Amino acid sequence: MKSDIELINSEGKRLDGRGPEDLRKIKIEAGVLHRADGSCYLEWGGNKVLVAVYGPREALPRHTQNPLRAIVQARYNMAAFSVEDRKRPGPDRRSVEISKVISEALEKVILVEQFPRATVNVNIEVLDAEAGTRCAGLTAAGVALVDAGIPLRDIPVACAAGKIGGKVVLDLGKEEDNFGDADLPIAIAPRTGEVLLLQMDGHFTFDEFNHAFDLAVKGCHTVSELQKEAIITKYQTVAEEVQE
Amino acid sequence: MPTKERQIVIPGQMLGTTSANRAGRGTFIEKGKIYAERLGVLNMQDKFIHIIALKGRYDPVVGDMVIGVVEEAATSNWMVDINAPYPALLHVNEVPWEIEFADTEKYLNTGDTILAKVLSVDESKKLQVTLNDRNLFKLKGGHIIEFEPSLYRRIIGKKFSMIEIIQKYSRCRIKVGKNGRIWIDGEADGIEKVLQAIATIESEAISYGLTSRIEGLLKKDTKDVR
(Lines give C-alpha, C1' and ligand atoms only; values in the text may rest on other atoms or scores of the structure.)
Protein backbone atom coordinates (compact mmCIF):
# COMPACT_ATOMS: atom_id res chain seq x y z
CA MET A 1 0.00 0.00 0.00
CA LYS A 2 1.34 3.39 -0.99
CA SER A 3 1.03 6.32 1.33
CA ASP A 4 2.44 9.80 1.56
CA ILE A 5 2.88 9.67 5.34
CA GLU A 6 6.50 10.01 6.38
CA LEU A 7 6.84 7.17 8.90
CA ILE A 8 10.34 8.13 9.91
CA ASN A 9 11.92 11.53 9.37
CA SER A 10 15.48 12.41 8.42
CA GLU A 11 16.50 12.73 12.08
CA GLY A 12 15.31 9.20 12.79
CA LYS A 13 12.18 10.28 14.70
CA ARG A 14 9.06 8.16 14.26
CA LEU A 15 5.39 9.20 14.19
CA ASP A 16 4.91 8.78 17.93
CA GLY A 17 8.22 10.49 18.71
CA ARG A 18 10.22 7.33 19.33
CA GLY A 19 13.72 6.77 18.04
CA PRO A 20 14.43 3.75 15.80
CA GLU A 21 15.48 1.53 18.71
CA ASP A 22 12.84 2.54 21.27
CA LEU A 23 10.09 0.27 22.57
CA ARG A 24 6.59 1.45 23.32
CA LYS A 25 5.60 1.77 26.96
CA ILE A 26 5.07 -1.60 28.66
CA LYS A 27 3.16 -2.36 31.85
CA ILE A 28 2.91 -5.92 33.23
CA GLU A 29 0.89 -7.17 36.17
CA ALA A 30 0.88 -10.79 37.34
CA GLY A 31 -1.88 -12.68 39.13
CA VAL A 32 -4.89 -10.52 38.34
CA LEU A 33 -7.54 -13.26 38.11
CA HIS A 34 -8.68 -15.35 41.08
CA ARG A 35 -10.38 -18.26 39.32
CA ALA A 36 -7.52 -19.08 36.97
CA ASP A 37 -4.42 -21.00 38.13
CA GLY A 38 -2.25 -18.20 36.77
CA SER A 39 -2.89 -14.91 35.01
CA CYS A 40 -1.31 -11.75 33.67
CA TYR A 41 -2.48 -8.40 32.39
CA LEU A 42 -0.19 -6.58 29.98
CA GLU A 43 -0.27 -3.21 28.27
CA TRP A 44 2.16 -2.65 25.43
CA GLY A 45 1.65 0.75 23.84
CA GLY A 46 -2.01 0.67 22.83
CA ASN A 47 -2.29 -3.11 23.19
CA LYS A 48 -4.17 -4.51 26.15
CA VAL A 49 -3.91 -8.26 26.70
CA LEU A 50 -5.29 -10.51 29.42
CA VAL A 51 -3.96 -14.08 29.78
CA ALA A 52 -5.32 -16.90 31.94
CA VAL A 53 -3.52 -20.22 32.44
CA TYR A 54 -5.16 -23.47 33.58
CA GLY A 55 -3.48 -26.73 34.38
CA PRO A 56 -1.70 -29.01 34.11
CA ARG A 57 -4.91 -31.03 34.03
CA GLU A 58 -6.15 -34.16 32.30
CA ALA A 59 -6.37 -33.69 28.53
CA LEU A 60 -9.87 -34.35 27.25
CA PRO A 61 -11.06 -35.83 24.89
CA ARG A 62 -8.75 -38.76 25.60
CA HIS A 63 -7.45 -39.12 22.03
CA THR A 64 -5.68 -35.75 22.34
CA GLN A 65 -3.53 -37.09 25.20
CA ASN A 66 0.12 -37.84 24.68
CA PRO A 67 1.26 -40.71 26.93
CA LEU A 68 4.76 -39.27 27.19
CA ARG A 69 4.22 -35.60 27.78
CA ALA A 70 1.77 -32.77 28.29
CA ILE A 71 0.18 -30.93 25.39
CA VAL A 72 -0.04 -27.16 25.32
CA GLN A 73 -3.25 -25.59 24.06
CA ALA A 74 -3.00 -21.85 23.59
CA ARG A 75 -6.03 -19.95 22.36
CA TYR A 76 -5.51 -16.49 20.95
CA ASN A 77 -8.71 -14.51 20.66
CA MET A 78 -9.44 -10.92 19.73
CA ALA A 79 -12.39 -9.22 21.39
CA ALA A 80 -15.01 -7.79 19.05
CA PHE A 81 -14.23 -4.31 20.40
CA SER A 82 -10.44 -4.64 20.11
CA VAL A 83 -10.23 -3.00 16.68
CA GLU A 84 -11.88 -0.13 14.84
CA ASP A 85 -14.94 -1.50 12.99
CA ARG A 86 -16.16 -4.37 15.14
CA LYS A 87 -14.31 -7.65 14.59
CA ARG A 88 -16.58 -10.59 13.90
CA PRO A 89 -16.23 -12.74 17.02
CA GLY A 90 -14.87 -16.27 16.98
CA PRO A 91 -11.78 -17.96 15.61
CA ASP A 92 -10.72 -16.96 12.12
CA ARG A 93 -7.81 -17.94 9.91
CA ARG A 94 -5.50 -15.41 11.51
CA SER A 95 -6.23 -16.27 15.15
CA VAL A 96 -6.03 -20.03 14.50
CA GLU A 97 -2.55 -19.50 13.05
CA ILE A 98 -1.41 -17.34 15.97
CA SER A 99 -2.82 -19.85 18.47
CA LYS A 100 -0.79 -22.58 16.78
CA VAL A 101 2.53 -20.75 16.68
CA ILE A 102 2.15 -19.59 20.29
CA SER A 103 1.28 -23.13 21.45
CA GLU A 104 4.42 -24.44 19.78
CA ALA A 105 6.57 -21.68 21.26
CA LEU A 106 5.29 -22.37 24.78
CA GLU A 107 5.72 -26.13 24.36
CA LYS A 108 9.46 -25.56 24.04
CA VAL A 109 9.81 -23.88 27.45
CA ILE A 110 7.32 -25.83 29.57
CA LEU A 111 8.77 -29.00 31.13
CA VAL A 112 6.11 -31.09 29.40
CA GLU A 113 7.79 -34.41 30.24
CA GLN A 114 6.74 -34.01 33.87
CA PHE A 115 3.05 -34.25 33.06
CA PRO A 116 2.22 -37.14 30.72
CA ARG A 117 -1.37 -37.24 29.41
CA ALA A 118 -2.04 -33.73 30.71
CA THR A 119 -2.75 -30.40 29.08
CA VAL A 120 -1.85 -26.82 29.86
CA ASN A 121 -4.45 -24.32 28.66
CA VAL A 122 -3.41 -20.78 27.89
CA ASN A 123 -6.17 -18.30 27.04
CA ILE A 124 -4.94 -15.10 25.44
CA GLU A 125 -7.61 -12.44 25.21
CA VAL A 126 -6.76 -9.32 23.20
CA LEU A 127 -8.89 -6.49 24.59
CA ASP A 128 -7.36 -3.66 22.63
CA ALA A 129 -5.14 -4.03 19.58
CA GLU A 130 -2.50 -1.72 18.16
CA ALA A 131 0.01 -3.84 16.18
CA GLY A 132 2.18 -6.52 17.75
CA THR A 133 -0.54 -8.40 19.62
CA ARG A 134 1.07 -11.81 19.16
CA CYS A 135 4.23 -10.55 20.84
CA ALA A 136 2.21 -8.95 23.62
CA GLY A 137 0.16 -12.13 24.03
CA LEU A 138 3.17 -14.42 24.18
CA THR A 139 5.01 -12.17 26.62
CA ALA A 140 1.95 -12.07 28.89
CA ALA A 141 1.54 -15.85 28.57
CA GLY A 142 5.10 -16.29 29.87
CA VAL A 143 4.32 -14.32 33.02
CA ALA A 144 0.98 -16.12 33.50
CA LEU A 145 2.71 -19.52 33.27
CA VAL A 146 5.13 -18.54 36.03
CA ASP A 147 2.22 -17.25 38.11
CA ALA A 148 0.48 -20.62 37.67
CA GLY A 149 3.50 -22.38 39.18
CA ILE A 150 4.13 -24.43 36.06
CA PRO A 151 7.70 -25.79 35.71
CA LEU A 152 9.53 -23.88 32.97
CA ARG A 153 12.97 -23.99 31.44
CA ASP A 154 12.84 -20.25 30.92
CA ILE A 155 10.32 -17.42 30.71
CA PRO A 156 9.46 -16.93 27.02
CA VAL A 157 9.46 -13.40 25.69
CA ALA A 158 8.57 -11.86 22.33
CA CYS A 159 9.29 -8.64 20.49
CA ALA A 160 9.09 -7.44 16.90
CA ALA A 161 11.33 -5.44 14.60
CA GLY A 162 10.42 -4.06 11.20
CA LYS A 163 11.27 -1.80 8.31
CA ILE A 164 9.67 1.58 7.75
CA GLY A 165 10.68 4.10 5.11
CA GLY A 166 13.67 1.90 4.27
CA LYS A 167 15.00 1.90 7.84
CA VAL A 168 15.08 -1.00 10.29
CA VAL A 169 13.33 -0.13 13.56
CA LEU A 170 12.20 -1.86 16.75
CA ASP A 171 8.59 -2.59 17.77
CA LEU A 172 6.24 -1.31 15.05
CA GLY A 173 3.24 0.84 15.95
CA LYS A 174 -0.13 0.74 14.20
CA GLU A 175 0.62 3.06 11.27
CA GLU A 176 4.10 1.63 10.90
CA ASP A 177 2.64 -1.87 10.67
CA ASN A 178 -0.04 -0.88 8.15
CA PHE A 179 2.12 1.29 5.89
CA GLY A 180 5.60 -0.07 6.62
CA ASP A 181 7.70 -2.35 4.42
CA ALA A 182 8.24 -5.36 6.71
CA ASP A 183 7.49 -6.82 10.14
CA LEU A 184 9.51 -9.50 11.98
CA PRO A 185 8.01 -10.78 15.23
CA ILE A 186 10.26 -13.17 17.16
CA ALA A 187 10.08 -14.97 20.50
CA ILE A 188 13.11 -16.25 22.38
CA ALA A 189 14.07 -18.02 25.57
CA PRO A 190 16.22 -15.20 26.97
CA ARG A 191 18.60 -17.40 29.00
CA THR A 192 19.82 -19.46 26.06
CA GLY A 193 18.78 -17.18 23.20
CA GLU A 194 16.92 -20.06 21.60
CA VAL A 195 14.38 -18.87 19.01
CA LEU A 196 10.82 -20.04 19.82
CA LEU A 197 8.91 -18.15 17.15
CA LEU A 198 9.95 -16.34 14.02
CA GLN A 199 7.56 -14.96 11.46
CA MET A 200 8.03 -12.41 8.74
CA ASP A 201 5.74 -10.21 6.71
CA GLY A 202 7.10 -8.07 3.85
CA HIS A 203 10.58 -7.88 2.40
CA PHE A 204 14.02 -7.50 3.94
CA THR A 205 17.40 -7.73 2.29
CA PHE A 206 19.72 -10.28 3.88
CA ASP A 207 21.62 -7.58 5.80
CA GLU A 208 18.43 -5.86 6.87
CA PHE A 209 17.06 -9.15 8.12
CA ASN A 210 20.14 -9.78 10.26
CA HIS A 211 19.99 -6.26 11.61
CA ALA A 212 16.25 -6.53 12.38
CA PHE A 213 16.76 -9.91 14.03
CA ASP A 214 19.52 -8.61 16.31
CA LEU A 215 17.42 -5.58 17.16
CA ALA A 216 14.39 -7.74 18.04
CA VAL A 217 16.54 -10.01 20.23
CA LYS A 218 17.79 -6.94 22.05
CA GLY A 219 14.19 -5.80 22.50
CA CYS A 220 13.27 -9.23 23.88
CA HIS A 221 15.95 -8.96 26.56
CA THR A 222 14.63 -5.54 27.62
CA VAL A 223 11.08 -6.88 27.86
CA SER A 224 12.34 -9.97 29.70
CA GLU A 225 13.66 -7.76 32.51
CA LEU A 226 10.21 -6.14 32.81
CA GLN A 227 8.60 -9.59 33.01
CA LYS A 228 10.91 -10.68 35.83
CA GLU A 229 10.35 -7.43 37.67
CA ALA A 230 6.55 -7.88 37.43
CA ILE A 231 6.71 -11.37 38.94
CA ILE A 232 9.12 -10.43 41.70
CA THR A 233 7.16 -7.31 42.69
CA LYS A 234 3.96 -9.33 42.91
CA TYR A 235 5.44 -11.94 45.25
CA GLN A 236 7.94 -9.77 47.08
CA THR A 237 5.23 -7.33 48.21
CA VAL A 238 3.35 -10.23 49.76
CA ALA A 239 6.49 -11.03 51.75
CA GLU A 240 7.09 -7.42 52.75
CA GLU A 241 3.52 -6.56 53.76
CA VAL A 242 3.65 -9.32 56.33
CA GLN A 243 6.99 -8.17 57.67
CA GLU A 244 5.48 -4.69 58.27
CA MET B 1 11.45 -7.84 61.09
CA PRO B 2 14.76 -7.25 59.30
CA THR B 3 15.88 -10.89 59.56
CA LYS B 4 17.12 -12.69 56.49
CA GLU B 5 14.36 -12.38 53.96
CA ARG B 6 13.22 -15.40 52.06
CA GLN B 7 14.56 -15.14 48.55
CA ILE B 8 12.07 -15.52 45.74
CA VAL B 9 13.31 -17.29 42.62
CA ILE B 10 11.78 -17.41 39.15
CA PRO B 11 12.07 -20.06 36.41
CA GLY B 12 15.35 -20.05 34.52
CA GLN B 13 17.25 -18.31 37.31
CA MET B 14 20.72 -19.75 37.87
CA LEU B 15 21.21 -21.02 41.41
CA GLY B 16 24.61 -22.73 41.38
CA THR B 17 26.87 -25.20 39.66
CA THR B 18 26.85 -28.97 39.86
CA SER B 19 30.45 -28.97 41.10
CA ALA B 20 29.65 -26.88 44.19
CA ASN B 21 26.02 -27.84 44.87
CA ARG B 22 23.50 -30.62 44.40
CA ALA B 23 20.24 -30.12 42.55
CA GLY B 24 17.17 -30.76 44.70
CA ARG B 25 13.42 -30.37 44.31
CA GLY B 26 12.17 -27.83 41.80
CA THR B 27 15.45 -27.46 39.94
CA PHE B 28 16.98 -28.76 36.73
CA ILE B 29 20.51 -29.11 35.42
CA GLU B 30 21.75 -27.79 32.10
CA LYS B 31 25.39 -27.79 31.06
CA GLY B 32 26.68 -28.22 34.61
CA LYS B 33 24.61 -25.41 36.05
CA ILE B 34 21.58 -25.61 38.31
CA TYR B 35 18.50 -23.57 37.41
CA ALA B 36 15.14 -23.00 39.08
CA GLU B 37 12.26 -24.57 37.18
CA ARG B 38 9.40 -22.84 38.99
CA LEU B 39 8.33 -19.87 41.04
CA GLY B 40 9.21 -20.42 44.68
CA VAL B 41 11.34 -19.69 47.68
CA LEU B 42 15.00 -20.69 47.74
CA ASN B 43 16.01 -23.21 50.38
CA MET B 44 19.65 -24.27 50.82
CA GLN B 45 20.34 -27.32 52.95
CA ASP B 46 23.98 -28.31 53.13
CA LYS B 47 24.88 -28.66 49.48
CA PHE B 48 21.34 -29.23 48.29
CA ILE B 49 19.42 -26.49 46.53
CA HIS B 50 15.66 -26.85 46.84
CA ILE B 51 12.83 -24.67 45.61
CA ILE B 52 9.78 -24.55 47.82
CA ALA B 53 6.99 -23.89 45.33
CA LEU B 54 4.71 -20.93 45.98
CA LYS B 55 2.01 -22.04 43.60
CA GLY B 56 1.13 -24.99 41.44
CA ARG B 57 -0.91 -28.13 41.10
CA TYR B 58 -0.71 -30.97 43.62
CA ASP B 59 1.88 -33.53 42.54
CA PRO B 60 0.89 -36.93 43.98
CA VAL B 61 3.57 -38.87 45.86
CA VAL B 62 3.14 -42.42 47.22
CA GLY B 63 2.09 -42.35 50.86
CA ASP B 64 0.46 -38.91 50.84
CA MET B 65 -2.75 -38.50 52.83
CA VAL B 66 -5.30 -36.94 50.51
CA ILE B 67 -8.95 -35.95 50.62
CA GLY B 68 -10.77 -37.27 47.59
CA VAL B 69 -14.22 -36.84 46.12
CA VAL B 70 -15.76 -39.88 44.44
CA GLU B 71 -16.61 -39.12 40.84
CA GLU B 72 -17.92 -42.42 39.59
CA ALA B 73 -18.67 -45.89 40.94
CA ALA B 74 -17.90 -48.76 38.54
CA THR B 75 -18.45 -52.49 39.12
CA SER B 76 -15.12 -53.17 40.79
CA ASN B 77 -13.65 -49.76 41.48
CA TRP B 78 -14.31 -46.07 42.01
CA MET B 79 -12.79 -43.08 40.24
CA VAL B 80 -11.74 -40.46 42.77
CA ASP B 81 -10.83 -36.83 42.19
CA ILE B 82 -7.85 -35.97 44.37
CA ASN B 83 -7.14 -32.51 42.93
CA ALA B 84 -4.20 -33.85 40.89
CA PRO B 85 -3.97 -33.44 37.11
CA TYR B 86 -5.23 -37.02 36.84
CA PRO B 87 -8.14 -38.98 38.38
CA ALA B 88 -7.25 -41.72 40.88
CA LEU B 89 -8.51 -45.30 40.98
CA LEU B 90 -9.81 -46.90 44.18
CA HIS B 91 -10.13 -50.66 43.76
CA VAL B 92 -12.58 -52.75 45.84
CA ASN B 93 -9.62 -54.67 47.28
CA GLU B 94 -8.33 -51.42 48.72
CA VAL B 95 -11.34 -50.70 50.95
CA PRO B 96 -11.97 -52.15 54.42
CA TRP B 97 -15.42 -53.48 53.52
CA GLU B 98 -16.43 -56.81 51.96
CA ILE B 99 -18.04 -55.85 48.67
CA GLU B 100 -20.08 -58.12 46.45
CA PHE B 101 -19.63 -57.73 42.71
CA ALA B 102 -21.26 -54.51 41.38
CA ASP B 103 -22.32 -53.49 44.88
CA THR B 104 -19.91 -50.56 45.03
CA GLU B 105 -22.55 -47.83 45.09
CA LYS B 106 -23.86 -49.00 48.47
CA TYR B 107 -20.60 -48.04 50.14
CA LEU B 108 -19.35 -45.05 48.19
CA ASN B 109 -21.25 -43.06 45.64
CA THR B 110 -20.69 -39.96 43.51
CA GLY B 111 -20.06 -36.94 45.69
CA ASP B 112 -18.89 -38.84 48.80
CA THR B 113 -15.63 -37.71 50.33
CA ILE B 114 -12.88 -39.97 51.61
CA LEU B 115 -9.63 -39.60 53.48
CA ALA B 116 -7.32 -41.81 51.46
CA LYS B 117 -3.65 -42.55 50.91
CA VAL B 118 -1.84 -42.57 47.59
CA LEU B 119 -0.98 -46.22 46.93
CA SER B 120 0.90 -46.01 43.67
CA VAL B 121 1.97 -43.58 40.98
CA ASP B 122 3.30 -45.18 37.82
CA GLU B 123 5.42 -43.84 34.99
CA SER B 124 2.52 -42.45 33.00
CA LYS B 125 1.10 -40.95 36.21
CA LYS B 126 -1.69 -43.48 36.61
CA LEU B 127 -2.79 -43.08 40.22
CA GLN B 128 -4.19 -45.51 42.74
CA VAL B 129 -5.42 -44.69 46.24
CA THR B 130 -6.27 -46.92 49.18
CA LEU B 131 -8.54 -46.85 52.23
CA ASN B 132 -6.81 -49.84 53.82
CA ASP B 133 -5.30 -48.28 56.91
CA ARG B 134 -6.53 -47.61 60.43
CA ASN B 135 -6.61 -43.85 60.03
CA LEU B 136 -8.30 -43.80 56.63
CA PHE B 137 -12.07 -43.64 56.28
CA LYS B 138 -15.09 -42.18 54.58
CA LEU B 139 -15.75 -38.59 55.73
CA LYS B 140 -19.39 -38.17 56.75
CA GLY B 141 -20.88 -34.68 56.89
CA GLY B 142 -18.63 -31.67 57.32
CA HIS B 143 -17.32 -29.19 54.79
CA ILE B 144 -14.50 -29.24 52.27
CA ILE B 145 -12.42 -26.18 51.55
CA GLU B 146 -9.51 -25.89 49.16
CA PHE B 147 -6.14 -24.20 49.55
CA GLU B 148 -2.93 -23.81 47.59
CA PRO B 149 -1.35 -27.33 47.83
CA SER B 150 2.17 -25.93 48.10
CA LEU B 151 1.21 -24.35 51.45
CA TYR B 152 0.46 -27.72 53.09
CA ARG B 153 3.47 -27.51 55.39
CA ARG B 154 2.57 -24.02 56.51
CA ILE B 155 -0.99 -25.04 57.29
CA ILE B 156 -0.10 -28.00 59.46
CA GLY B 157 2.86 -26.17 61.01
CA LYS B 158 5.98 -27.65 62.61
CA LYS B 159 5.07 -31.06 64.01
CA PHE B 160 1.38 -30.24 63.47
CA SER B 161 1.63 -27.21 65.80
CA MET B 162 -0.43 -24.93 63.58
CA ILE B 163 -3.28 -27.32 62.98
CA GLU B 164 -3.40 -28.24 66.69
CA ILE B 165 -3.81 -24.59 67.61
CA ILE B 166 -6.59 -24.11 65.09
CA GLN B 167 -8.30 -27.24 66.35
CA LYS B 168 -8.02 -26.10 69.97
CA TYR B 169 -9.61 -22.69 69.45
CA SER B 170 -12.25 -23.60 66.89
CA ARG B 171 -13.38 -26.89 68.50
CA CYS B 172 -13.74 -28.41 65.05
CA ARG B 173 -12.66 -31.76 63.70
CA ILE B 174 -10.15 -30.99 60.97
CA LYS B 175 -8.42 -33.23 58.46
CA VAL B 176 -5.85 -31.76 56.10
CA GLY B 177 -5.08 -33.52 52.85
CA LYS B 178 -1.76 -32.97 51.11
CA ASN B 179 -3.65 -32.34 47.90
CA GLY B 180 -4.91 -28.92 48.95
CA ARG B 181 -8.17 -29.89 50.59
CA ILE B 182 -9.29 -29.48 54.19
CA TRP B 183 -12.26 -31.24 55.73
CA ILE B 184 -13.90 -29.45 58.68
CA ASP B 185 -16.75 -30.63 60.90
CA GLY B 186 -18.09 -28.59 63.79
CA GLU B 187 -20.22 -25.63 64.89
CA ALA B 188 -20.84 -22.81 62.42
CA ASP B 189 -18.80 -20.19 64.32
CA GLY B 190 -15.95 -22.67 64.74
CA ILE B 191 -15.87 -23.28 61.00
CA GLU B 192 -15.89 -19.53 60.47
CA LYS B 193 -12.74 -19.27 62.60
CA VAL B 194 -10.97 -22.03 60.69
CA LEU B 195 -11.73 -20.31 57.39
CA GLN B 196 -10.36 -17.04 58.74
CA ALA B 197 -7.18 -18.72 59.97
CA ILE B 198 -6.60 -20.56 56.67
CA ALA B 199 -7.11 -17.35 54.69
CA THR B 200 -4.53 -15.59 56.86
CA ILE B 201 -2.02 -18.40 56.45
CA GLU B 202 -2.51 -18.35 52.69
CA SER B 203 -1.90 -14.63 52.34
CA GLU B 204 1.05 -14.49 54.75
CA ALA B 205 2.66 -17.82 53.87
CA ILE B 206 6.18 -16.54 53.22
CA SER B 207 6.73 -14.93 56.62
CA TYR B 208 8.25 -15.94 59.92
CA GLY B 209 6.43 -16.38 63.25
CA LEU B 210 3.18 -17.32 61.57
CA THR B 211 2.03 -19.81 64.19
CA SER B 212 2.11 -17.32 67.06
CA ARG B 213 0.30 -14.71 65.00
CA ILE B 214 -2.46 -17.16 64.12
CA GLU B 215 -2.77 -18.09 67.79
CA GLY B 216 -3.18 -14.41 68.67
CA LEU B 217 -5.80 -14.01 65.99
CA LEU B 218 -7.81 -16.97 67.23
CA LYS B 219 -7.40 -16.10 70.92
CA LYS B 220 -8.81 -12.60 70.43
CA ASP B 221 -12.41 -13.66 70.00
CA THR B 222 -12.50 -16.87 72.01
CA LYS B 223 -13.83 -16.98 75.55
CA ASP B 224 -13.75 -20.61 76.59
CA VAL B 225 -11.01 -22.94 75.49
CA ARG B 226 -11.04 -26.59 76.23
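## Questions on a predicted model

Reader: Is Arg86(A) buried or exposed?
Author: In this predicted model, where local features need pLDDT of at least 70, side-chain atom pairs count only at pLDDT 80 or more, and totals for chains, interfaces and linings use all residues, Arg86(A) has 10 C-beta neighbours inside 10 Å. A residue is buried if 20 or more other C-beta atoms, placed from the backbone, lie within 10 Å of its own, exposed if 12 or fewer, and partly exposed in between. Because of its 10 neighbours, Arg86(A) therefore counts as exposed.

Reader: Which strands of chain B stand at the edges of the open sheet with the order 14-16-15?
Author: Residues are numbered from 1 along each chain as its sequence is written, while chains are lettered from A and ligands numbered from 1 in the order in which they are written. Strands (E, at least two residues) are DSSP runs numbered from the N terminus, and two of them pair if DSSP finds at least two bridges between them. This open sheet of three strands has antiparallel pairing. Each edge strand has a single partner strand, so one side of each is left without a neighbour in the sheet, and these are strand 14 (143-146) and strand 15 (173-177).

Reader: Which residue of strand 16 stands opposite Ile144(B)?
Author: Strand 14 and strand 16 (residues 181-185) of chain B pair in the antiparallel sense over four bridges. Opposite Ile144(B), in strand 16 of chain B, stands Trp183(B).
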